[in-house]
Amino acid sequence: TEGPVIAPVTMDANDLQGATVDLVVGQVLNINTGDPAVDSYSGTVADPSVAEFVPGRDDGSATFNPGVKALAVGSTEVVLSNSDGGIQDLTFTVEVTE
């Protein structure tokens, strides 16, 4: 059986630089991209066993922000890059607990 649904943590991309985001296993960091297109971000997770990057998308009827899903207990660095020029990479830490 599925456990209770864990509400995502929503943060603005601009607030992520140097931040530490606390998540529990199964929780998602929902990244509000602001002006840049939701699908213009890519993400690199240093330890893919701890968390995974979920690309943003626009399917025509709905827009989904990019995010980071917590997979297992641990800590990992995440680097968000934007394909639009002039936007610096955002580096932050995800700490995952049970």
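Okay, let's start with the inventory: this protein has 0 helices and 10 strands. Keep in mind that we're looking at a predicted model. Walk along the sequence and the pattern you read is β-β-β-β-β-β-β-β-β-β.

Overall dimensions next. A compact globule of 98 residues would have a radius of gyration near 13 Å, and the protein has 13 Å, so the two agree. Along the principal axes, the C-alpha atoms fill a box of roughly 40 × 30 × 20 Å. About 5600 Å² is exposed, and carbon and sulfur atoms supply 47% of that. As for burial, 32% of the 98 residues count as buried. And on contacts: if you take those with a separation of 6 or more, 52% come from residues 24 or more positions apart.

Right, on to the sheets. One is an open sheet of 4 strands, ordered β1-β3-β8-β5, and its pairing is mixed. Which strands stand at the edges here? That's β1, residues 9-12, and β5; each has a single partner strand, so one side of each is left without a neighbour in the sheet. From one strand to the next, the twist averages 20°.

Let me stay on β3 for a moment, since you can see the mixed pairing through it. β1 and β3 run parallel, joined by 4 bridges, while β3 and β8 pair in the antiparallel sense over 3 bridges. If you want a residue to click on, try Asn30. In β3, Asn30 is the bridge partner of Thr10, and over in β8, Asn30 has Gly67 as its bridge partner.

Now look at the two faces of that strand. In a regular strand, side chains alternate between the two faces of the sheet. For β3, the covered face has Leu29 and Ile31, and the uncovered one has Val28, Asn30 and Asn32. So our bridging residue, Asn30, sits on the uncovered face.

The other sheet is also open, with 4 strands in the order β2-β10-β9-β4 and mixed pairing. Here β2 and β4 are at the edges with a single partner strand each, which means that one side of each is left without a neighbour in the sheet. Ignoring direction, neighbouring strands in this sheet are turned by 30° against each other on average. β2 and β10 pair in the parallel sense over 5 bridges; one to look up is Thr20, whose bridge partner in β10 is Thr93.

Last topic, the core. Nonpolar side chains tend to be buried together in soluble globular proteins. In our case the largest nonpolar core has 19 residues, and the members that touch the most others are Leu16, Leu29, Ile31, Val68, Leu80, Phe92 and Val94. Where does this core come from? The elements giving two or more residues are β2 (20-24), β3 (28-32), β4 (41-45), β5 (51-54), β8 (67-70), β9 (74-82) and β10 (90-97). The top contributor is β10, with 4 residues.

Both residues on the covered face of β3, Leu29 and Ile31, are in that list of best-connected core members. What does Leu29 touch, leaving out residues up to four places away in sequence? Its contacts are Val9, Met11, Leu16, Val21, Leu23, Pro66, Gly67, Val68 and Phe92. Two of those partners, Val9 and Met11, fall in β1, which spans 9-12. Another one, Phe92, falls in β10, at 90-97.

That's it from me.

Key. Residues numbered from 1 in each chain as written. Predicted model: local features only at pLDDT ≥ 70, side-chain atom pairs only at ≥ 80, totals over all residues. Heavy atoms only, no water. Core = buried A, V, L, I, M, F, W, Y, C linked by side-chain atoms within 4.5 Å. Buried < 20%, exposed > 50% of the residue type's maximum accessible area, 1.4 Å probe, protein only. Contact = heavy atoms within 4.5 Å. Pairing = 2+ DSSP bridges. Axes fitted to C-alpha atoms, helices over the stretch in contact; angles between N-to-C directions. Rg over C-alpha atoms; globule rule 2.2 N^0.38 Å. Areas by Shrake-Rupley, 256 points an atom, 1.4 Å probe, with all protein chains shown as cover.
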